[in-house]
Amino acid sequence: MAATLTSRMSRLVIGKIITPTQRPLASLGRPLFDNNRFTAFTHPSAVATNNNFHEKTTGERTLSSLATQQTISVGNRQTISVGSDFGATTSLSPLMTQKQAEDFAAFTYANRHQKAITNHLLTTPFLFIHHKVKPFIFKRRRVQLRTFIGNEKDIRHSPWRMNLVCQFAAGLTVPEALKQLMFCQKKHAPTVASVIRETANEADTKHGLQPSQLEVAECFATHGKHLKRLKIMGRGRSGKKLRRFSHIRLVLREIDFPTKLVESRTINQKRTWLNRLAIARDDYEKAQVEKQELAELEAKAAELEAKKKKLEEEEKK
């Protein structure tokens, strides 16, 4: 997989000017990321490979949708559509196939240096520029992801010290967070790990999401209700001290792998997320097989119970 991804990234380069013999403008679909249409341009030795890749990606892999378009005529031949994006589509699911992920990662890496279109370049008849994905597109995709909230209240521990433990898990995937907490020497590291496991089990029960499909979006501690106690001091004096309690708030969110691939800037980061996607895909498929087997066993058990009841009724008659 790593070699395939590297070879694709080295071959796929997006050019500014495309000759009309490669691909007609009218046949192009929606853009991959933002506002403008695109096509691929490679060296002559890799034209066939790039055309196949373009046919697969056009109209399927997109993080944004063309809500409004502005048509610009170029001579008497064809037009270029340049529009503003006001919506985000779900054409790329958070858990996509490995083939789609590799193609998507290769294309995003090949387009990492493209800049915005300028007015004096609009006169070029075959101009396709890739834009950087705007933050509101990520935000709208993030809002659509499923989240699960976990809480643990009234823990006899300082909130400041508890936050030191929560920082080990915040921002990581669930398997990595559990590994970090396993080797953490703090007293309440098992407490945070148990909250993560309970919330992950809830996600599996409600929506069938596996731990490898979840990330720790939020994990922090807040103040609880403190107990006031007497503090004995020297020279017959006394003061007050607080027995501190804390609450843990945890938010697990479904991982949006297309967004992670776009945000990854280096090849190694993209490889890391591709490996995580492969693990998540395998876990999801295994869980589906287990659920199907369990459903079949329950159906057989129900049939046996029904037959038993019929036999008992016939014997009574």
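How many aromatic pairs does the count come to? The count comes to one aromatic pair, and that pair is described below together with a sheet, a helix that lies across the sheet, and a few residues with an unusual backbone angle. The model is predicted, and every value given here was computed from it. The protein has nine helices and seven strands, and buried residues make up 41% of its 317 residues.

**The protein as a whole**

- The protein exposes about 18800 Å² of surface, of which carbon and sulfur atoms supply 52%.
- Among the contacts in the protein with a separation of 6 or more, 75% are accounted for by residues that stand 24 or more positions apart.

**The three-stranded sheet**

- Strands of a sheet pair through backbone hydrogen bonds, and the pairing can be either parallel or antiparallel.
- In this protein, an open sheet of three strands has the order 3-7-4, and its pairing is antiparallel.
- The edge strands are strand 3, at residues 147–155, and strand 4, at residues 214–223, and each of them pairs on one side only.
- From one strand to the next, the twist of this sheet averages 15°.
- Strand 3 pairs with strand 7, which covers residues 246–254, in the antiparallel sense over seven bridges, and Ile-155 stands opposite Ser-246 in strand 7.

**The helix across the sheet**

- Helix 7, made up of residues 189–207, lies across strand 3, strand 4 and strand 7, and it runs at about 145° to strand 3.
- Thr-199 is a residue of helix 7, and it counts as buried because its relative accessible area is 3%, under the 20% cut-off.
- When its neighbours within four places in sequence are left aside, Thr-199 is in contact with Phe-148, Ile-149, Gly-150, Leu-250 and Leu-252.

**Aromatic rings and the charges over them**

- The one aromatic pair is formed by Phe-257 and Trp-273, whose rings meet edge-to-face at 6.2 Å centre to centre, with 75° between the planes.
- This pair links distant parts of the chain, since Phe-257 belongs to helix 8 (residues 257–263) and Trp-273 to helix 9 (residues 267–316), with the two residues 16 residues apart.
- Phe-257 is buried, with a relative accessible area of 2%, and Trp-273 also counts as buried, at 14% relative accessibility, because the term applies to values under 20%.
- Arg-276 lies over the face of Trp-273, at 4.4 Å from the ring centre.
- Elsewhere, the charged end of Arg-156 sits over the ring of Phe-245, at 5.7 Å from the centre of that ring.

**Residues with a positive phi**

- Most residues other than glycine have a negative phi, which is the background for the two cases that follow.
- Asp-154 is not a glycine, although its phi is positive, at about 55°.
- Asp-154 lies in strand 3, and it is exposed, with a relative accessible area of 52%, because exposed residues are those over 50%.
- Arg-235 is likewise not a glycine and has a positive phi, of about 60°.
- The place of Arg-235 is in the loop between strand 5 (227–232) and strand 6 (238–243), and with a relative accessible area of 84%, Arg-235 is exposed.

Key: Residues are numbered from 1 along each chain as its sequence is written. This is a predicted model: local features need pLDDT of at least 70, side-chain atom pairs count only at pLDDT 80 or more; totals for chains, interfaces and linings use all residues. Side-chain values use heavy atoms; hydrogens and water are left out. Two strands pair if DSSP finds at least two bridges between them. Helices (H or I, at least four residues) and strands (E, at least two) are DSSP runs, numbered from the N terminus. Axes are lines fitted to C-alpha atoms, for helices over the stretch in contact, and angles run from 0 to 180 degrees between N-to-C directions. Contact means heavy atoms within 4.5 Å. Rings of Phe, Tyr and Trp (its six-membered ring) pair if their centres lie within 6.5 Å; planes under 30 degrees apart count as stacked, over 60 as edge-to-face and the rest as tilted. Buried means under 20% relative accessible area, exposed over 50%, partly exposed in between (1.4 Å probe, protein chains only). A charge sits over a ring if NZ of Lys or CZ of Arg is within 6 Å of the ring centre and within 35 degrees of the ring normal. Accessible areas come from the Shrake-Rupley method with a 1.4 Å probe; for residues, only the protein chains shown count as cover.
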